Amino acid sequence: MPRSNLSAQITCICGSVRFKERILEVARYLELERGRIVVMPNVYSKIDLIKLEKSELDLLVSVHDQKIKMADEVYVVDEPDSDGRPYIGESTKREIQLAEEEGKVVEYLSEDTRFHDFQRSYQERMQSNVS
């Protein structure tokens, strides 16, 4: 349920691009439920099967680092891996370290029970619009 008294903080989403769909769901949650301005990865080359040059990949890393630096907080999408534990890859670990060095608040999806409540409610709303 949206609330009008939320501050417009900037949140940078970090996480493996293999979690593209979950990243998009988290972005929706952060905007609708928390009233955040969301910056996140916008190129999912591995998932979308796009071949990028090394220079393009380096540029994307640099741009994402700037997103982290400009954000008020970082939200890590750490979906469970095949062993059931939250997955955080090497790139995401580096991004978390950068965020901490920059003094950012770092939150983890695996610890956010409000996200799952929001998802259930959102799915119910979507189903009621279909029927």
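Me: Is Phe118 buried or exposed in this model?

Reply: The model is a predicted one, in which local features need pLDDT of at least 70, side-chain atom pairs count only at pLDDT 80 or more, and totals for chains, interfaces and linings use all residues. Residues are numbered from 1 along each chain as its sequence is written, and side-chain values use heavy atoms, with hydrogens and water left out. Buried means under 20% relative accessible area, exposed means over 50%, and partly exposed covers what lies in between (1.4 Å probe, protein chains only). Phe118 has a relative accessibility of 7%, and therefore counts as buried.

Me: Which residue forms a stacked aromatic pair with Phe118?

Reply: Rings of Phe, Tyr and Trp (its six-membered ring) pair if their centres lie within 6.5 Å, and planes under 30 degrees apart count as stacked, over 60 as edge-to-face and the rest as tilted. The partner sits four residues away from Phe118 in helix H5, a separation of about one helical turn, and is itself buried at a relative accessible area of 16%. With 5.8 Å centre to centre and 25 degrees between the planes, the stacked partner of Phe118 is Tyr122.

Me: How many residues apart in sequence are the parts that the pair of Tyr29 and Phe118 ties together?

Reply: A search of the whole structure finds five aromatic pairs, and one of them is the tilted pair of Tyr29 and Phe118, at 5.5 Å centre to centre and 55 degrees between the planes. Tyr29 counts as buried at 0% relative accessibility. Because Tyr29 lies in helix H1 (residues 20–32) and Phe118 in helix H5 (residues 113–130), where helices (H or I, at least four residues) and strands (E, at least two) are DSSP runs numbered from the N terminus, the pair ties together parts that are apart in sequence by 89 residues.

Me: Which residues form one aromatic cluster?

Reply: The tilted pair joins Tyr29 to Phe118, and the stacked pair joins Phe118 to Tyr122. These three belong to one aromatic cluster, whose full membership is Tyr29, Tyr75, Phe115, Phe118 and Tyr122.

Me: Which backbone oxygen does the side chain of His64 reach?

Reply: His64 has its place in helix H3 (residues 54–70) and counts as buried at 8% relative accessibility. Contact means heavy atoms within 4.5 Å, and, not counting residues up to four places away in sequence, His64 touches Cys12, Ile13, Cys14, Met40, Pro41 and Glu95. At 3.4 Å, the side chain of His64 reaches the backbone oxygen of Ile13.

Me: Which residues is Ile96 in contact with, leaving aside its neighbours within four places in sequence?

Reply: Ile96 is found in helix H4 (residues 90–101), and its relative accessible area of 7% makes it buried. With neighbours within four places in sequence left aside, the contacts of Ile96 are Val76, Ile88, Val106 and Tyr108.

Me: What share of the residues of the protein chain count as buried?

Reply: The protein chain has five helices and four strands, running β-α-β-α-α-β-α-β-α from the N terminus on. Among its contacts between residues at least 6 apart in sequence, 76% join residues at least 24 apart. Of the 131 residues of the protein chain, the share that count as buried is 40%.

Definitions and conventions
A polar contact is a pair of N or O atoms within 3.5 Å; within protein, one must be able to donate a hydrogen and the other to accept it, and residues adjacent in sequence count only if both atoms are side-chain atoms.
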